[in-house]
Amino acid sequence: PLDGVGQAFVSLRSATSGSERLVGWVVPSDATATLDTHELREQVRQLLPNYLVPASIVQIDVLPRTAAAK
């Protein structure tokens, strides 16, 4: 686990150019914290192969849920 990250989600997104890239969303473990997303990418780069490192990471307040709470 990465320091300060409570929850995380990564998804493959299509760009308008037709290319695809990984985008990560993170929720801090402390609701009042602000995470350094550039530093998080560097930490992930140390743990995973380059093709699994998200092109960008976005901090959000909560992860969205479906109607079935999934």
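Select Pro-64 to begin: in this predicted model, its relative accessibility of 69% places it among the exposed residues, because that value is over 50%. Pro-64 belongs to the segment after S3. Add Ala-8 to the selection and draw a line between the two C-alpha atoms. The line spans 11 Å, although 56 residues separate Pro-64 from Ala-8 in sequence.

Remain in the segment after S3 and move to Lys-70, which is also located there. Is Lys-70 buried or exposed? Lys-70 is exposed, since its relative accessible area is 69% and the threshold is over 50%. Display its surroundings and, leaving aside residues up to four places away in sequence, Lys-70 is found in contact with Pro-64 and Arg-65.

Select Asp-61 next, a further residue of the segment after S3. Asp-61 counts as exposed, with a relative accessibility of 69%. Extend the selection to Arg-21. These two residues stand 40 positions apart in sequence, and their C-alpha atoms lie 22 Å apart in space.

**The chain as a whole**

Zoom out and colour the chain by secondary structure. One helix and three strands appear, and their order from the N terminus is β-β-α-β. Along the principal axes, the C-alpha atoms occupy a box of roughly 35 × 35 × 15 Å. Colour by accessibility next: 24% of the 70 residues count as buried. If contacts are drawn between residues at least 6 apart in sequence, 50% of them connect residues at least 24 apart.

**Strands S1 and S2**

Select residues 5–14 for strand S1 and residues 20–28 for strand S2. In which sense do S1 and S2 pair? Their pairing is antiparallel and extends over nine bridges. Two of the partnerships can be picked out individually. Phe-9 has Trp-25 in S2 as its bridge partner, and Arg-13 has Arg-21, likewise in S2. Follow the chain into the hairpin that joins these strands, where five residues lie between S1 and S2. Within this hairpin, Gly-18 adopts a positive phi near 95 degrees.

Return to strand S1 and select Ser-11, which lies within it. Ser-11 is buried, because its relative accessibility of 18% falls under the 20% limit. Which residues does Ser-11 touch, not counting those up to four places away in sequence? The contacts are Arg-21, Leu-22, Val-23 and Trp-25. Arg-21 and Trp-25 have already appeared on this tour as the bridge partners of Arg-13 and Phe-9, respectively.

**From S2 through the helix to S3**

Now add helix H1, residues 37–47, and strand S3, residues 56–59. Together, S2, H1 and S3 form a β-α-β unit of right-handed sense. Show S2 and S3 alone to examine their pairing, which is parallel and comprises four bridges. S2 thus offers both arrangements to the viewer: antiparallel pairing with S1 and parallel pairing with S3. To inspect one position in the parallel pair, select Gly-24 and look across to Ile-57 in S3, which stands opposite.

**The largest pocket**

Finish by displaying the largest pocket, which holds about 200 Å³ of space. Its lining consists of 14 residues. Select Leu-2, Ala-8, Val-10, Val-26 and Val-44, the lining residues that lie nearest the centre of the pocket. Ala-8 is the residue used at the start of the tour, with its C-alpha atom 11 Å from that of Pro-64.

Which elements each supply at least two residues of the lining? They are strand S1, strand S2 and helix H1. Finally, colour the lining by residue class. Of its residues, 13 are nonpolar and one is polar, while no charged residue is present.

Key
Residues numbered from 1 in each chain as written. Predicted model: local features only at pLDDT ≥ 70, side-chain atom pairs only at ≥ 80, totals over all residues. Heavy atoms only, no water. 1 Å grid on protein atoms, 1.4 Å probe; cavity = no way out; pocket = protein on both sides within 12 Å on 5 of 7 lines; lining within 4 Å. Points joined across faces, edges and corners; volume = space filled by probe spheres on them. Nonpolar A, V, L, I, M, F, W, Y, C, P; charged D, E, K, R; others polar. Pairing = 2+ DSSP bridges. Right-handed = clockwise from strand over helix to strand, strands pointing away. Buried < 20%, exposed > 50% of the residue type's maximum accessible area, 1.4 Å probe, protein only. Contact = heavy atoms within 4.5 Å.
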